[in-house]
Amino acid sequence: MDTLLEQESLAHGSKSRTGISMENLKRAFLDNLFYVQGKFPALASKHDYYLALAYTVRDRLLARWVKTADTYTRAGSRTVAYLSAEFLLGPHLGNNILNLGIEKPVREAMQELGLNYDALLAQEVEPGLGNGGLGRLAACFLDSLATLEIPALGYGIRYEHGIFAQEIVDGWQVERTDVWLRHGNPWELPRPEWAVKVRLGGHTVRYQDENGRMHVRWEGERSVLGIPYDTPILGYRNNTANTLRLWRSEAVEAFDISIFNRGDYWGAVQRKIESENLTKVLYPNDEVAQGKELRLAQQYFFVSCSLQDMLRILRIQNIPLDRFHEKFAVQLNDTHPAIAVVELMRLLVDEHGMEWGPAWEITCRTFAYTNHTLLPEALEQWPVALFEKLLPRHLELIYEINARFLDEVRLECLGDSARVSRLSLIDETGMRAVRMAHLACLGSYAINGVAALHTDLLRQEVLSDFNALMPEKFSNKTNGVTPRRWLGLSNPRLAALIERKLGPGWLAHLERLRELEPLAGDADFRAEWREIKRANKVAYASYLHEQTGIDVDPDSMFDVQVKRIHEYKRQHLNILHVIARYHQIRNHPHLEMTPRTFIFGGKSAPGYFMAKLMIKLINSVGEMVNRDPLARDRMKVVFVPNFNVRTGQALYAAAELSEQISTAGKEASGTGNMKFMMNGALTIGTLDGANIEIMEEAGAENFFLFGLSASEVAELRREGYDPMSIYRDNNALRGVIDLIRDGFFSRGDAELFRPLVDNLLRHDPYMLLADFQSYVDCQQRVDEAYRDRERWTRMSILNTARSGRFSSDRTIREYCDDIWKVKPVPIAGREAS
């Protein structure tokens, strides 16, 4: 291989820098290896080859990227600014190659050079700039915005260390530092010329100008620089390449020579270290005061940088300040960027001298707010004392906004002091705190939930007072996922079959999957569908063996639950069912049972003890079941470590049963459920989040429904829920709980899982025991359906065929039409591949 590469590197010329023929790609690859990385084949590592290919692909996006920015600038296009503390993008290389439509010549070029294309893809380190669904949704939205040719900028934080890498040691989660930037990032371009300054701490000073008008000046205790790093986000087979702009913090003065000359070497670099800590890590532990302060500072930092950047864009495009809301539709992705409401007011009033009334009108016509949670504890609140210390001017502005708002509320709700208290931006019930969801609701012109049930519950419960006061703001925008990554890239075998049946272009028009419905009745098509699923399962079984050492049967049902580990997502209900099956096998060794491989994956928050204990229980059950000869051919239990975007791509393609079993009324939407559906997995689930809409689309006969509804959960809680009585009355459940409690899965240690068992029997806040029997009975129906392979295949095909509604393209069209009022701006250029 080295000899061929060396010969090619000496022989080639530079006919075309960005051509997409196999020969042009091969020559560009060698150029980048030599001129960008300074390597020749004898010294190059696999990672060097990955970088050479990444730069080769990036070169082919740059013309589109520059042309897109130029077009938007010249037209002054109305632009979506998507503010999110998380962007869980996944690996870039494969996705960009897919969107450019150049996989075939790239594969051929690498093969000519003696390199394995798939091995090069595997070299890319995934940027873990998010915890899960929130950040992954933001990434899907950016993909759809570019595919639909919508002018857009994503704004977030360039965390030096993203979500931790998860290892499983003796069954427990262990967190390792994520070092995604160790070898650099070929997809980003730093833009230091667009750096902005952000203040923190200090105090405010009031003064009069020469006309006697009062002003406030914020004198910060310290300042940091925000340096933008831009990443192109390419549309699918078009000429649009939008920008994701992530901010990195730096010291205004990196090295204080005067302090150094006095011999204080630490003091000379202290500001640099403190400033860079601001974007050092995704979501510091906020259980301690320093963690809370850092997290609030992170949120303010990226919001201030982003709004200042938008003001810069206004100046470049010669757009007056009072048209800010006409130029930008700013979407707040949950409450993390909600401080933007106050920061825009500060910039308009304090920095640009605008009167309060016009400034507030512009602000309220700029922002739209997406709520992503029904859990009260997840609605962010920040202590007033912390605000006063870190953002003193913003606290003053919040008080003023609140006072004006509550004056209106008192007029609207005469004598209803309780409602006034509930609507206040300041929670006075305990330690005084700023309610960030309230701030987002008040300062936005639109508020949306992310599934029909979620939006109904927001209106009726979580944000009911705001809904009563301003119902016109509320709407639903059910989430979606990008089919490019989650079907085209994840499942190339299935995508190729669909392409043969539907022709090209369906990945940008996912509603066309409906054309597959008649093929569910075609025996040859069903056979081919099964062959593809089995091939994906064989590939994933090999991966599982590499990662865990566990051998699984690709002819068993792949029953999968992968998502963030949390009690409301109820991974422990799943493992209770696993134990129930195992208990049956132990008691009836000759019982006929549909073989299953139970696959779990996901990360717990580092400080979440109960979730970590759930991971330990899953692994302990797996250890026992997997070594028991009685169970070996009928069930396996595997926990996949460090679940992320890359590992998800292969797993969604292999999965056959999708576990969506959260307590009804707790999951806002879910998006994993949509990825499974697109790839032909059948869902077992509750009437929660987007499960309801998935069942409506797939048809109830193609969905395994169990459990209480949200209204039944609420009613049972009102009546007085007694989990202990369910335990006493249900023999199967009692047998399962007793095995855990007595130490059967903990080598006789009856104390290890006691906190989990006691919580279920005494409290059971997420009603596992109430849903247990319904879940077990439903799993029996799953077994029966799976044994009829033709029936199961028809159900699988129909799930994929009816998944078109859950494309993020549909979601983004609804945002554009109903909330943002933004139109596509096609980018001229040579025809996209």
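## A guided tour from sheet to pocket

Begin by selecting residues 557–562, strand β18, together with residues 596–601, strand β19: the two strands run parallel and are joined by six bridges. Within this pairing, valine 562 is placed opposite glycine 601 of β19. Please note that the model on display is a predicted one.

Next, extend the selection to the rest of the sheet. It is an open sheet of six strands with parallel pairing, and the order to follow across it is β20-β19-β18-β21-β22-β23. Colour the two edge strands, β20 (635–640) and β23 (704–705), separately; each has a single partner strand, so one side of each lacks a neighbour in the sheet. In general, the strands of a sheet pair through backbone hydrogen bonds, in either a parallel or an antiparallel manner.

Now zoom out to the whole protein chain. It contains 34 helices and 23 strands. Its radius of gyration is 28 Å, close to the 28 Å that the globule rule gives for 833 residues, so the chain is as compact as a globular protein of that length. Along the principal axes, the C-alpha atoms fill a box of roughly 95 × 80 × 60 Å. Of the 833 residues, 61% count as buried.

The next stop is the second largest pocket, which holds about 1,300 Å³ of space. To centre the view there, select Asp118, Leu121, Leu489, Pro492 and Gln649, the closest to the pocket centre of the 39 residues that line it. Then display as ribbons the elements that give two or more residues to this lining: α4 (93–100), α5 (103–112), α6 (117–121), α20 (483–489), α21 (492–502), α22 (523–548) and α25 (645–654). Helix α22 provides the largest share of the lining, six residues. Coloured by residue class, the lining divides into 20 nonpolar, nine polar and ten charged residues.

Two of the lining helices, α21 and α22, also lead to a salt bridge. Show the side chains of glutamate 528 and arginine 500, which meet at 2.1 Å, N to O. Glutamate 528 belongs to helix α22 and arginine 500 to helix α21, so that distant parts of the chain, 28 residues apart, are linked. Glutamate 528 is partly exposed, at 26% relative accessible area, whereas arginine 500 counts as exposed, at 52%.

Helix α5, another contributor to the pocket lining, carries one end of the next pair. Select lysine 26 and glutamate 112, which form a salt bridge whose closest N and O atoms are 3.4 Å apart. Lysine 26 lies in helix α2 (residues 22–36) and glutamate 112 in helix α5, so the pair ties together parts 86 residues apart in sequence. Which of the terms buried, partly exposed or exposed applies to lysine 26? Lysine 26 is buried, with a relative accessible area of 3%, while glutamate 112 is partly exposed, at 41%.

For a further pair, move to arginine 217 and glutamate 219, whose side chains meet in a salt bridge of 3.2 Å, N to O. Here glutamate 219 is partly exposed, with 31% relative accessible area, and arginine 217 also counts as partly exposed, at 36%.

Finally, select Arg191, Asp230, Arg245, Asp309 and Arg312 as a group, since these residues are linked in a network of salt bridges. The count of salt bridges in the model comes to 63.

Terms used
Residues are numbered from 1 along each chain as its sequence is written. This is a predicted model: local features need pLDDT of at least 70, side-chain atom pairs count only at pLDDT 80 or more; totals for chains, interfaces and linings use all residues. Side-chain values use heavy atoms; hydrogens and water are left out. On a 1 Å grid over the protein atoms alone, a cavity is a set of points where a 1.4 Å probe fits but cannot get out, and a pocket is an open set with protein on both sides within 12 Å along at least five of seven lines; lining residues have an atom within 4 Å of a point. Grid points are joined across faces, edges and corners, and a volume is the space filled by probe spheres set on the points. Helices (H or I, at least four residues) and strands (E, at least two) are DSSP runs, numbered from the N terminus. Ala, Val, Leu, Ile, Met, Phe, Trp, Tyr, Cys and Pro count as nonpolar, Asp, Glu, Lys and Arg as charged, and the others, Gly among them, as polar. Two strands pair if DSSP finds at least two bridges between them. A salt bridge is a side-chain nitrogen of Lys or Arg within 4 Å of a carboxyl oxygen of Asp or Glu. Buried means under 20% relative accessible area, exposed over 50%, partly exposed in between (1.4 Å probe, protein chains only). The radius of gyration is taken over C-alpha atoms; the globule rule is 2.2 Å times the number of residues to the power 0.38.
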